[in-house]
Amino acid sequence: MQIVASELHRGHHSVELDGGQLIESWEGPARADLIGSALRAAGHDFIEAQPIDPALLGSVHSADYLEFLATAWARWESSGAKGPGAMGFTWPVRGSHPVRPRDIHGQLGFHSSAADCAVMPGTWTAALASAGIAATAAQLMTRSGSTTYGLCRPPGHHSTADQFGGYCYLNNAAVAAQTVLNEGASRVGILDVDYHHGNGTQSIFYDRSDVLFVSLHADPLTSFPYFAGNADEKGVGRGAGFNHNLPMPHGTNFDTWMDALEVGLASVESARCDALVISLGVDTYEHDPISRFTLTTADYQPMASRIRALGLPIVVVQEGGYAVEAIGDNVVSFLSGLSG
Ligand code: SP5
Ligand code: ZN
């Protein structure tokens, strides 16, 4: 399989507010390095990502947000702030009518949804490269007709049109889906199998019928991102009926997970999608340090085989997965199921 990757992720390792302490994030460079070496060992072919087209990025994210992300670290430093990463400390509350603030500290709250990540010196370069990986992989898939994998880092599915959070800054899955549409598809499905609900991706396409969003994830009543991912979120306007959430409780095993997959794949089939983007998180793994499902390394292969049986062209983008000792094997297992 063609793997699209970049070295530029290494300049980004965020801090994270975890249990009230600022720690080095669970989402670190070792993740992509270990996936990369496992894929090389498994004999996959690597291709360098192309730089992302600014117009493509501007069709997924707001201009204000992109300008903010590009300049946030420099503005944070020159504000005299001493923290290791640029983070917000106050957020718009229910019932408010937020006007975008002018200074960096206000904008950090306005443009973020969570304090589990920050803007670091290398974040913009890494996030741009990650989005470029997704676009390159999607273009390669549409032009070759065969499955491709984007080794995206940082991940993207929690990023909305104008907010970072959940270790995500630019929405790589949305970039991939929009690329496939731009290449001529009428409708694209996004199947999000990460442990966490893809609230950013849902939000970007919530009122659109050209992208179907289907997500299997931990119930937001008990898991991050908490404020989206319930089963009654079905889309609005033209997007009504094109959003499908399948929340599951802590402790969910592979059998239960596969039952939910059947329901999700039925939505993909009835929407008559021309292609599929998979947001691949392997944080459903039994030993993931921040998650509570019980899937094994071996389970990722039949999971992918079942998705492959849809017969759709597929582009995979990497999302979460924090059990670094197994992350390479888990991704290799999934991709072996996609290859047949
Ligand atoms: C892309 C992705 O998988 N993002 C997930 C972001 C989750 N961030 C908040 C996690 C909070 C987990 N707290 C568990 C603490 C264990 N010590
Ligand atoms: Zn996740």
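Author: Buried means under 20% relative accessible area, exposed over 50% and partly exposed in between, with a 1.4 Å probe and protein chains only. This is a predicted model, in which local features need pLDDT of at least 70 and side-chain atom pairs pLDDT 80 or more, while totals for chains, interfaces and linings use all residues. Residues are numbered from 1 along each chain, ligands are numbered from 1 in the order written, and side-chain values use heavy atoms without hydrogens or water.

Reader: Are H196 and D283 buried or exposed?

Author: Both H196 and D283 are buried, a term that requires under 20% relative accessible area.

Reader: What makes D194, H196 and D283 donors of the zinc ion (ligand 2)?

Author: Donors are N, O and S atoms within 2.8 Å of the metal (3.2 Å for Na, K and Ca), and sites may look incomplete because water is not among the atoms. D194 (OD, listed twice), H196 (ND1) and D283 (OD) lie 1.9 to 2.7 Å from the zinc ion, so they qualify. Their spacing along the chain is D-x1-H-x86-D. H196 lies in the loop between β6 and α7 and D283 in the loop between β9 and α9, so the pair ties together parts 87 residues apart in sequence.

Reader: Why are α8 and α9 called roughly parallel?

Author: Angles under 35 degrees count as roughly parallel, over 145 as roughly antiparallel, 65 to 115 as roughly perpendicular and the rest as oblique. Helices α8 (residues 254-270) and α9 (residues 300-308) pack at about 15 degrees, with axes 11 Å apart. They are therefore roughly parallel.

Terms used
Axes fitted to C-alpha atoms, helices over the stretch in contact; angles between N-to-C directions. Helix = DSSP H or I, 4+ residues; strand = E, 2+ residues; numbered from the N terminus.
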